[in-house]
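Biologist: I would like a close look at one part of this chain, the cysteines and the bonds between them. Please go on from there to the charged pairs, and keep it plain enough for a first-year student.

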Amino acid sequence: MERRRSAKSNEYDMHEVDDFENTGLVNTRAPERQVTDSEALRKDRMNILILLFLYVLQGIPLGLAGSIPMVLQNRKISYTQQAIFSFVNWPFSVKLLWAPAVDSLYWKQLGRRKTWLIPTQYLIGLFMIILSLSITTLLGDDHNEPNVLYLTLAFICMNFLAATQDIAVDGWALTMLSRQNVGYASVCNSVGQTAGYFLGNVVFLALESADFCNKYLRYDPQPEGIVTLSSFLKLWGIIFFISTTLVLIFKAEKEERLPDTMGIKETYFQLFRVLNLRNMWLVVSFLLTAKIAFAATDSVTGLKLIEAGVQKEHLALLAVPMVPLQILLPLLISRYTNGPKPLSVFLMAYPFRLLFGILFAALVWWTHQVKLESGGFPIYYYVVILLSYAVHQITVYSIFVALMAFFAKISDPAIGGTYMTLLNTICNLGGNWPSTLALWLVDPLTSEACENPLFSCDTKELAQKCTEAGHQCLTVWDGYYVETIICIIFGFLWLKWGRSVVRRLQQLPMSAWKCPSWHSKLVERV
């Protein structure tokens, strides 16, 4: 997760300095016993568990937001409506807009981090409980269409609160843990958020599925799964309330000594200074356009597989074997991105990831061909999907790790946290806006015709007349395949421009990425 400050070990020094007596000739201060790593870890064990749990809570709304499109796809909603719901992913991509306020404004009696953590978690719990009362109606049924707009607004609010909680927990981790163990903060972040997402997505979809529960968890078949979305939301809403109350009462916040930190105005001014660097807008253009080529593959393929008949819970469970791979890949790829030219790995992986667009489009077409009469799929189908996804992850993480290494390389150490967060925000936006646009354009690019040429399927009303007359609307061409072809062509054209940009960016000296005005200000203070 992004960090908003640099030189944290200097800003957050929580070690006390022992008093000493000086006789004039001999310093009588007793030698300070060094705390070993194992002792420090034992002292911080409870703090690590608390941080881990807070990050798990953060991942629950994200996992639920990721599962809703799969649930909605079974309701036969349009891809335009899926595009509307995709806006729920945006709060984490733009949290930089309010992160300085979370860092700077607080109620001293409650604590700098708890000022934001406590109300946001209570509100998430409240949203979940209120949403649990109406979620069944909002998702629709055989007689009523889903209310996608209300669902989108509700989950945008929850993800906004989760993003705010993330900012607060990220900052609290730096003071909750001792300096020897502060490195565990990133581990708690990645493991906790991944576990929370897994619970809110994979576990929920499996337990909500009647087929999965009847096949693996029950002796007597039932028409519904073990949990419903309503009961799942209510359960986690209660957990949010209980855990937040426990943190409020029993977890005290250490007093932070911040001798030289930036306020809100200064932080926003630093962002403005970074954006005004001569080469920064070239980086911004690069990041906002690099992932257009993958938009259809990343955002539409999974929904098309569900549309073709793949059970959403089976698709979600395919992510389980990927977890070890997703942990190991960044470690392995980082060996090749630590050099002076990390974006070289980006350029190597980019064309291979483009080719996966063709492969996944072929897999979607193949899904219709291998579907069994029972509605299921043969085992070898899932093996092929799993292997394809696993190899695809290599290209995904190669690009991701290369970009992160480049950000770390060019970030000005004087404002490293602000710099890195800005670059990460732009990178995330570069992935979100093409995905939303890709979902939005699937329906307009799809062409359908009625079996009977006397009828049309150009609009929803005309399509209904076709079906009422006893005919079917047949797909002439699918907008997903059209988008895939357009994206791949765009990707190879973009790559030609991208190579020249990468060559230019990696040849620039480190001085090109510094903020002169900030350095001059530091000199004035000294």
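Modeller: The count of disulfides in this predicted model comes to 2. A disulfide is a covalent bond between the sulfur atoms of two cysteines.

One of these bonds is formed by C450 and C466, whose sulfur atoms lie 2.1 Å apart. C450 belongs to strand 1, which covers residues 447–450, and C466 belongs to helix 19, residues 460–468, so the bond ties together parts that are 16 residues apart in sequence. The torsion about the S-S bond of C450 and C466 is about 80 degrees, and therefore this disulfide is right-handed. Both cysteines, C450 and C466, are buried.

C457 and C473 are also joined by a disulfide, with an S to S distance of 1.9 Å. Here C457 sits in the loop between strand 1 and helix 19, while C473 sits in strand 2, and the two residues are 16 residues apart. The torsion about the S-S bond of C457 and C473 is about -85 degrees, so this disulfide is left-handed. As for accessibility, C457 has a relative accessible area of 8%, and it counts as buried because that value is under 20%. C473 has a relative accessible area of 23%, which is not under 20% and not over 50%, so C473 is partly exposed.

With the bonded cysteines counted along the chain, the disulfides follow the pattern 1-3, 2-4. In residue numbers, C450 pairs with C466, and C457 pairs with C473.

Two further cysteines can be placed by their accessibility. C188 has a relative accessibility of 4% and counts as buried. C427, at 5% relative accessibility, counts as buried too.

Now to the charged pairs. The count of salt bridges comes to 6. Among them is the pair of K95 and D166, with the closest N and O atoms 2.2 Å apart. This pair links distant parts of the chain: K95 is in the loop between helix 4 (79–85) and helix 5 (99–104), D166 is in helix 7 (residues 148–176), and the two are 71 residues apart. K95 and D166 are both buried.

Helix 5 takes part in another salt bridge, the one in which the side chains of R113 and D103 meet, at 2.9 Å from N to O. D103 lies in helix 5 and R113 lies in the loop between helix 5 and helix 6 (114–139), so this pair ties together parts that are 10 residues apart in sequence. R113 is buried, and D103 is buried as well.

A further salt bridge brings together the side chains of K304 and D478, at 2.8 Å from N to O. K304 is in helix 13 (residues 295–307), and D478 is in the loop between strand 2 (473–477) and helix 20 (479–507), with their positions 174 residues apart in the numbering. Both K304 and D478 are buried. This pair does not stand alone: K304, E307 and D478 are linked in a network of salt bridges.

Strand 2 connects the two topics. C473, which bonds to C457, is in strand 2, and D478 is in the loop that runs from strand 2 to helix 20.

How values were computed. Residues numbered from 1 in each chain as written. Predicted model: local features only at pLDDT ≥ 70, side-chain atom pairs only at ≥ 80, totals over all residues. Heavy atoms only, no water. Salt bridge = Lys/Arg side-chain N within 4 Å of Asp/Glu carboxyl O. Helix = DSSP H or I, 4+ residues; strand = E, 2+ residues; numbered from the N terminus. Buried < 20%, exposed > 50% of the residue type's maximum accessible area, 1.4 Å probe, protein only. Disulfide = S-S within 2.5 Å.
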